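Here's a quick briefing on a structure you have in front of you. Take a look first, then read on for the main points.

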Amino acid sequence: METEFTEAYQRTSAEGRETECEKVANILDLVIDGEASTDEQHFFNSHIEECVSCFESHQKQKLLKSIISGHLKRVIVPDRLATSIKARIQETV
Amino acid sequence: MSEQTGKQLSKEEKDARFEAELLPVLAPLYNFAYRLTLDEDDANDLVQETYLKAYRFFDYFEQGTNAKAWLFRILKNSFINEFRKKSKQPAKVDYSEVEGYYNTDDVEGEGGVATTTDMRTESVQDLIGDEVASALNALPVDFRTVIILCDLEGFTYEEMAKILDIPIGTVRSRLHRARNSLKEKLEEYAKSMGYNS
């Protein structure tokens, strides 16, 4: 029956054969955001030492994050906002 | 779920604590409101409403806990409610339903950036800033939100999950997709400026 085949097939394609690079891709954001566990971080570090393409995607992802935090301008808060908040609070209570 | 912390504060105590603990968050909160609404008046209203609610529910706020995350959460909820009212959309548009949706057509009428640009550093910096802002603004609001919370405001995944009322796994996948969309937009821009990948 097809079920046996499908099951076996799914096992190898979905979980069985995750390459190191795929694992790295899966935890890339965690690493960038400082959310990786110690084990994940170790695995990641040792992999990118020898894998150029993962090293490069790490560089790119880091760059993206630093562009956001470094170049995105913060809008300036209107001068009167704090005062009008306090005034409205006093009116409503 | 925070319980009311027993004793009621006097009005003076409440006002003093409110000012000391919540008002310092005004700048990031306004910035978040602006990035959500993309309109200064709406951002103003949203922030005022957020602080009014925060004041009303201040007894439920536990001193010393994360005031910034608490306010961001209130603002995000107000935004969703306001947005719903204004746009008269079906009562609840679940964020996850629109996650795959991503419109590349309505971006600020292409060709806005001249290809011959003065390359002195300041103007390049400005240009990058503007381009990052417009790339970000062109993302769907739920993608925009996670990027701002994570990369600009530095919230942890756990805090983001609380602010947005979604599981951490969803935070992760949403952030991942948001970054991919943003990367695509910025790569298009880099190419138009003569940089190749």
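How many contacts beyond four places in sequence does the model have for residues 1-6 of chain B, where pLDDT stays under 50? The model has six of them for that stretch. Keep in mind that this is a predicted model, so confidence is part of the story, along with how chain A and chain B are built and how they meet.

**How sure is the predictor about chain B?**

- On average, chain B comes out with a pLDDT of 79, and 74% of its residues get to 70 or more.
- The elements of chain B vary a lot: helix H5 (residues 95-98) of chain B has the lowest mean pLDDT, at 40, while helix H8 (residues 157-164) of chain B has the highest, at 96.
- Besides residues 1-6 of chain B, there's another stretch to treat with care: pLDDT also stays under 50 over residues 88-119 of chain B.
- For residues 88-119 of chain B, the model has 42 contacts beyond four places in sequence.

**What is each chain made of?**

- Chain A has five helices and zero strands, so reading from the N terminus you just get α-α-α-α-α.
- Chain B is also built without strands: the count there is nine helices and zero strands, in the pattern α-α-α-α-α-α-α-α-α along the sequence.
- Out of the 93 residues of chain A, 27% are counted as buried.
- In chain B, which has 197 residues, buried ones make up 44%.
- Now take contacts between residues at least 6 apart in sequence: in chain A, 44% of these join residues at least 24 apart.
- For chain B, the matching figure is 71%.

**Where do the two chains meet?**

- On one side of the meeting place are 31 residues of chain A, and they're in contact with 42 residues of chain B.
- Together, chain A and chain B bury about 3400 Å², with 64% of that on carbon and sulfur atoms.
- Three residues stand out here: Ile68(A), Leu72(A) and Arg74(A) supply 17% of the area that chain A buries against chain B, more than any other three residues.

**What links them, and which parts of chain A take part?**

- If you count salt bridges between chain A and chain B, you get seven.
- Lys73(A) makes a salt bridge with Asp130(B), and the closest N and O atoms of the pair are 3.1 Å apart.
- There are also 18 residue pairs in polar contact between chain A and chain B, counting pairs where both residues have pLDDT 80 or more.
- Three helices of chain A each put at least two residues on the side that touches chain B: helix H2 (20-32), helix H4 (52-71) and helix H5 (81-92).
- H5(A) gives the most to that side, with nine residues.
- Sorted by class, the side of chain A that touches chain B has 15 nonpolar, seven polar and nine charged residues.

**A closer look at one residue**

- Gln59(A) sits in helix H4 of chain A.
- Is Gln59(A) buried, exposed or partly exposed? Gln59(A) counts as partly exposed because its relative accessible area is 35%, which falls between the cut-offs of 20% for buried and 50% for exposed.
- Gln59(A) and Ile32(A) are 27 residues apart in sequence, and their C-alpha atoms are 9.7 Å apart in space.

Key
Residues numbered from 1 in each chain as written. Chains lettered and ligands numbered in written order. Predicted model: local features only at pLDDT ≥ 70, side-chain atom pairs only at ≥ 80, totals over all residues. Heavy atoms only, no water. Contact = heavy atoms within 4.5 Å. Buried area = accessible area lost by both parts, 1.4 Å probe. Salt bridge = Lys/Arg side-chain N within 4 Å of Asp/Glu carboxyl O. Polar contact = N/O pair within 3.5 Å; in protein donor to acceptor, adjacent residues only side chain to side chain. Helix = DSSP H or I, 4+ residues; strand = E, 2+ residues; numbered from the N terminus. Nonpolar A, V, L, I, M, F, W, Y, C, P; charged D, E, K, R; others polar. pLDDT = per-residue confidence, 0-100. Buried < 20%, exposed > 50% of the residue type's maximum accessible area, 1.4 Å probe, protein only.
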